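Biologist: I would like to learn how to read a few features of a model from its coordinates. Please take them one at a time.

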Amino acid sequence: MKYFFLIVILVVPVFGFSQGGLPESFFNGKSIVLVSADPGARPVMDWKAVADSVHLDLVAAGADPVAYYELEQVALSEEVQTSYAKAFSQRLIKNIIFVTRQRNGGGIHVGEFSGTGKLINSTSLYGIQGSSIEEAADQFAALGESRPSQNLLVIDVPEFPGNVANEAAQNASANRFLPRNPLNLEMFKLGVPIEGSSAQTGLISYFRYDLYGKSAEAILAEQKAQKSQIESILNGNYPNDVAWLTEARSDEELIKDKVQFLLVKVEGREADLKRSMGVEANPSENQTVVKYYIRLIVRDELYIGPEWDADPDWRVSLRNFITNLKK
C-alpha cells in the first residue's frame, strides 16, 4: 500500500483567561449557547442543568442568549452543523457562546457566528476559565458592570428549542447519506484526517469537555499514536493509496493532489447518529459510538456503507467499515 504524507505541524491554541477580543456584537445581538457537560463531574448536572445555572450570568454580562443546544448534538457531523448554521442565520444570530463544564473546572467563550457550517472562524476566542463553572460564570457576569448592553427584552430563563429543531436539522442532513459503498476507490487517494487536527474535527469540537484545554503537545502525541493504529488497520485491508491529512484544506486543494475521497469519523449517541444519517433508530440506543463514512468530494456524496457498523471502540468501527468496503 502506498502512503502519501502531508507534513504539517498543527498548532493548537492554549486556553487561558482570555483570547482574542469580545465581539462588539455580544452587547448588541442575539447569541446561541452551546453547552458541553462532563457526565463525570460532581455534583451531577446534565447540559440543561448547566444551562440553567449560567443563564442569568450570561444575561448579566450583557448577552442575549436566545437558545441553548448541547454542543455534542450540534457537532455530530459537518452536515448537521451546516443545518444548524442555516437555522441560526435565519434567526439573525450574531454570536456563539460556548459553556464547558469539566470535572475540575469550567469555561465560557464567545465568538462571532461565522454564518457557515464551521459556526466560528477560529478557536482563539475571548474566554474566562474558572475552577468550576460557577466561578467562571460569576467572573463572566462581571463584564456587564463596565459595559452597558443594548440587548433589551432578554428572556429570564434559558430556551431549549427541543427535538423538533434537532430533528429538522438531522433530517435535512440525512438525505445526503447513501447506504452503499463508493465506486472507483482504486482510482484516487483516500484522504485520512488525523483526529484532533483541524482536518478531522470542526472548530467547535475544541470546546467539548473532553478536548477543552489540552495542550498542543498532548494532542500531537495522541495524533501520532492514533496514526500508527490507523495505519496498522489499513495495512493489508485497504490496498489503495492514502493521504494523511493534519490540517484543514479546501476541496480544490485536495482534488489538485488527487484526493477525491475523504474518510470521515463521527462520534455521538447511536440513535442520534442513525437519525442524522437516515437510518432507522431505536430511542433506547444511548451508547456513544463511532461511525466512519466516505465523502466523495467532487459530487459531495456521503457513503456510509451497506451495513450499520458503528461501535463504541473506534478501532472496531474502522475495521468494520474497511471490511464492509469490500461488499
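Biologist: Which residue caps the N-terminal end of helix 1?

Modeller: Asp-46 does, with a side-chain oxygen 3.2 Å from the backbone nitrogen of Lys-48. That is a polar contact, meaning a pair of N or O atoms within 3.5 Å; within protein, one must be able to donate a hydrogen and the other to accept it, and residues adjacent in sequence count only if both atoms are side-chain atoms. Helices (H or I, at least four residues) and strands (E, at least two) are DSSP runs, numbered from the N terminus. Two notes on the source: this is a predicted model, in which local features need pLDDT of at least 70, side-chain atom pairs count only at pLDDT 80 or more, and totals for chains, interfaces and linings use all residues. Residues are numbered from 1 along each chain as its sequence is written, and side-chain values use heavy atoms, with hydrogens and water left out.

Biologist: What span does helix 1 reach, and where is its kink centred?

Modeller: The expected span of a helix is 1.5 Å times one less than its number of residues. Helix 1 covers residues 47-61, 15 residues, and reaches 20 Å from its first C-alpha to its last, close to the 21 Å expected. The bend at a residue is the angle between axes fitted to the seven residues ending there and the seven starting there. In helix 1 a kink of about 40 degrees is centred on Val-54. After the helix comes Gly-62, with a positive phi near 115 degrees.

Biologist: Which residues of helix 1 are buried, and what do they pack against?

Modeller: Buried means under 20% relative accessible area, exposed over 50%, and partly exposed in between (1.4 Å probe, protein chains only). The buried residues of helix 1 include Trp-47, Val-50, Val-54 and Leu-58. The elements that the buried residues pack against include strand 3 (64-70), strand 4 (95-102) and helix 4 (133-141).

Biologist: Is Val-59 of helix 1 buried or partly exposed?

Modeller: Val-59 counts as partly exposed because its relative accessibility is 27%. Contact means heavy atoms within 4.5 Å. Leaving aside neighbours within four places in sequence, Val-59 is in contact with Pro-65, Val-154 and Ile-155.

Biologist: And what does Glu-70 touch?

Modeller: Glu-70 lies in strand 3 and counts as buried at 15% relative accessibility. Beyond neighbours within four places in sequence, Glu-70 is in contact with Val-35, Trp-47 and Arg-269.

Biologist: How many aromatic pairs are there?

Modeller: A pair of aromatic rings is described by the distance of the centres and the angle of the planes. Rings of Phe, Tyr and Trp (its six-membered ring) pair if their centres lie within 6.5 Å; planes under 30 degrees apart count as stacked, over 60 as edge-to-face and the rest as tilted. The whole structure has 11 such pairs. Phe-26 and Phe-140 have ring centres 5.8 Å apart and planes at 90 degrees, so this pair is edge-to-face. Phe-26 is in the loop between strand 1 (3-5) and strand 2, and Phe-140 is in helix 4, 114 residues apart. A tilted pair is formed by Tyr-84 and Phe-88, at 6.0 Å centre to centre and 45 degrees between the planes. Both Tyr-84 and Phe-88 are buried. Tyr-69, Tyr-84, Phe-88 and Phe-113 form one aromatic cluster.
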